[in-house]
Amino acid sequence: MHDTKDASTKPGEQGHEKVEEEAVRILTDPGSWAKHGSGTDEEGPRSETNGDSDNWKLQPGNRVAVIGGGPAGSLFSQFLLKTMAHLDIDIDVEIYEPRDFNFCGPAGCNHCGGVVSESLIQILGTEGVVLPEEVVQRGIDSYVMHMDVGSVRIETPLQEKRIAAVYRGNGPRQSEPASIAGFDHHLISLARSAGAKVRQQMVTEVDLDEGRPRITCADGHRQTYDLLVVASGVNSALLGLIEKSGLEFKAPTAVKSFVAEFKLGAATIERSFGTSMHVFLLDIPRLQFAALIPKGEYLTLVMLGDDVDQELVESFLNAPEVRSCFPGNRPPDNACQCFPRLNLSHVRRPFADRVVFIGDSGVARLYKDGIGSAYRTAKAAANCVALHGISARDFHYHYWPACKKIAIDNLLGRCVFGFCHLLQKLRFARRSVMRMTVIEQRTEGAIPHMSSVLWDVFTGSAPYREVLFRTLHPFFLGRLIWNLLAANAWKSGRRNRELSTP
Amino acid sequence: MSDLLGRNYQPGEDIVTEGEVGDCMYVIQQGSAEVIRTEDGVATVVDTMVAGDLFGEMAILEHTVRSSTVRAVDPVRALTIDRKTFLRRIQEDPSLALSILDVMCRRVRNLDTTIAHLKHQLAELSANPEGGSPDGSPGENAP
Ligand SMILES: Cc1cc2nc3c(=O)[nH]c(=O)nc-3n(C[C@H](O)[C@H](O)[C@H](O)COP(=O)(O)OP(=O)(O)OC[C@H]3O[C@@H](n4cnc5c(N)ncnc54)[C@H](O)[C@@H]3O)c2cc1C
């Protein structure tokens, strides 16, 4: 199912092998979970309780379980502990995370492109979360858009690197992680410093024990908590199990995507890709979006689309626009690859009494900035728990609006990506977009109508609503129509070609 | 350092300049910078900023010019935070303003200490116009 090859370990880390093996098996192959894991059909009370009662507020000494130490779980734990400390309420937060993010390869990695968006970088900065040197593999300051009609570089308006390319684990398989620290490792360390306890255990069952959530781990450990936070993403079988547990929960739909790492060496990456992310809008069936992201010694390929498979990967890597980006006109064999699942919908009711679903397990931003939406849902849930309460009603009034906002924006995002898809199909439209962008980028002082729309679509910096409204502005439409005529009537498509690879 | 986040400033380079219109704030990622305020043509260092410190928030909140200059002491890497991004998020999550309040509380506390030092020195000077500590440092009883 998932093409994650054997995980590599670093010397001296054999102690975790058993947990790691199981983590990899179950997390990356939910199919295998069905054979080994256990579900429950037990029904528990799910009253829509009035949130005013003290019973529905965390009290000193209460215990909170967080399943998953990815960005959502770690950020939630950190924010909750900080706010509770402000309120002078001492609680226990335990994060269940079987992965050791210090492993190289799939065992220590939460499989993603590792692009931390411009808006998230700024907000984390405001929150006091500074990403250290060893976490940021490269600061990104521009995008190069590749189409069959040419390539164009889109520069950030500020001439500043505000997008971070990171590794989620400790680098690709068999990498030599001399000075690398993964993003997830950094965030879970911050949660630990804020007072969270991290248990390297896999949760295999969730049920209710007299109205309180109870979890059971792969090693038999069983514990009842006052609050359960599910932040297990969509790449494990846990959500499927919770569906069966009587919590009236329906897991979000997810499709297969693709991530691979190519070892090119720092000098080649610097020369061929620089500090730009390369995005491809190509007319390949089932492909929605693909990007090459330069990091330290490696180049990361991300492909999103309609259930990406090896055949689609091959046709993408064989496209001339892609081959020409690599030295020698040929991508090397990849060092590490996986087909993780990508969340494409939202959970209708990502909460119950004493239970809340955050990050990908609840709702994620469509195609872009999933880490950003993990942050937003984690913060909203932490604020709700600390300041309002932990009943379904509290979550409905104080947590659900944040999720709804993301879900509604995703609907508009579908329109934005619908346009992108159309662009991929229509060559004359591609010519006009290319012409408009090239002229904006070349002309000093030009208003970057198309460039800013593309920038925000590629980087996920602005809500889709804002991007869509900008494209509906009469001035934008006027310029687009003019470029449509100019680029096609005068057949200047070839003149637009600006191979601006760094 | 060139591949990392933010923008690089050389020692002595101004990150923001007093009197300029600004529409963003900054977070220092690496290095240190001093905050310089000019009064009657005399520049005085009023604060020092290190990694993680945030500054320039007044221009975002008040729509005013920069109240002081922030100058890199050693090589500094600083990240810009746009007004639009910040205000958009704060509308969604008002608790984000707490981080700005934290910064402001720290500044008010520093200002209180400085005012108390100055008042104490002034009182000593007016009581004993000939004396006063030669280095201008506050006396032992200063708060
Ligand atoms: C191909 C691809 C590329 C992407 N690229 C980007 C990108 O460049 N930028 C971006 O912002 N977003 C990107 N995303 C989205 C991003 O990866 C997610 O939105 C983000 O990781 C969600 O964070 P999370 O904490 O909710 O879940 P996850 O990151 O999936 O973390 C879940 C954690 O839960 C743990 N867990 C799972 N099951 C159990 C269990 N039973 N017991 C205990 N622990 C468990 C896992 O080990 C994991 O650590 C991409 C997604 C895909 C699929």
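In this predicted model, 14 residues of domain 1 of chain B are in contact with nine residues of domain 2 of chain B. That contact within chain B is one of several junctions described below, alongside the one between domain 1 and domain 2 of chain A, the interface of chain A with chain B, and the surroundings of the ligand. The size of an interface is often given as the accessible area lost when the parts come together, and the groups below give that area for each protein junction before turning to particular residues and atom pairs.

**Domains within chain B**

- Chain B is divided into domain 1, which runs over residues 1-92, and domain 2, which runs over residues 94-127, and the C-alpha centres of these two domains lie 19 Å apart.
- About 890 Å² is buried between domain 1 of chain B and domain 2 of chain B, and carbon and sulfur atoms give 64% of that area.
- On the side of domain 1 of chain B, the residues that lose the most area to domain 2 of chain B are Leu54(B), Glu57(B) and Ile90(B), which together make up 45% of what that side buries.
- Between the two domains of chain B the count is one salt bridge, and Glu57(B) forms a salt bridge with Arg107(B), with the closest N and O atoms 2.5 Å apart.
- Residue pairs in polar contact between domain 1 and domain 2 of chain B, with both residues at pLDDT 80 or more, number two.

**Domains within chain A**

- Chain A is divided into domain 1, made of the segments 60-114, 184-253 and 345-410, domain 2, which covers 254-343, and domain 3, which covers 414-499.
- The C-alpha centres of domain 1 and domain 2 of chain A lie 31 Å apart, and their contact takes 17 residues from domain 1 and 15 residues from domain 2.
- The area buried between domain 1 of chain A and domain 2 of chain A is about 1,300 Å², with carbon and sulfur atoms giving 54% of it.
- Of the area that domain 1 of chain A buries against domain 2 of chain A, 41% is supplied by Gly113(A), Val234(A) and Tyr367(A), which is more than any other three residues supply.
- The count of salt bridges between domain 1 and domain 2 of chain A is zero, whereas the count of residue pairs in polar contact, both at pLDDT 80 or more, is six.
- The side of domain 1 of chain A that touches domain 2 of chain A is made up of seven nonpolar, eight polar and two charged residues.

**Interface of chain A and chain B**

- In the interface between the chains, 30 residues of chain A are in contact with 30 residues of chain B, and the two chains bury about 2,500 Å² between them, with 52% of it on carbon and sulfur atoms.
- The rule finds six salt bridges across this interface, and the side chains of Lys405(A) and Glu92(B) meet in a salt bridge at 3.4 Å, N to O.
- Across the interface of chain A and chain B, 15 residue pairs are in polar contact, both at pLDDT 80 or more.

**Surroundings of the ligand**

- There are 38 residues around the ligand, of which Glu97(A), Asn110(A), Val115(A), Val203(A) and Asp360(A) come nearest.
- A polar backbone atom of Ala72(A) is 2.9 Å from an oxygen atom of the ligand, and a polar backbone atom of Gly113(A) is 3.0 Å from a nitrogen atom of the ligand.
- From the side chain of Ser236(A), a polar atom lies 2.9 Å from a nitrogen atom of the ligand.
- On its own the ligand has 1,000 Å² of accessible area, and the protein covers 94% of it.

How values were computed:
Residues numbered from 1 in each chain as written. Chains lettered and ligands numbered in written order. Predicted model: local features only at pLDDT ≥ 70, side-chain atom pairs only at ≥ 80, totals over all residues. Heavy atoms only, no water. Domains from an automatic or database assignment. Contact = heavy atoms within 4.5 Å. Buried area = accessible area lost by both parts, 1.4 Å probe. Salt bridge = Lys/Arg side-chain N within 4 Å of Asp/Glu carboxyl O. Polar contact = N/O pair within 3.5 Å; in protein donor to acceptor, adjacent residues only side chain to side chain. Nonpolar A, V, L, I, M, F, W, Y, C, P; charged D, E, K, R; others polar. Near = heavy atom within 4 Å. Areas by Shrake-Rupley, 256 points an atom, 1.4 Å probe, with all protein chains shown as cover.
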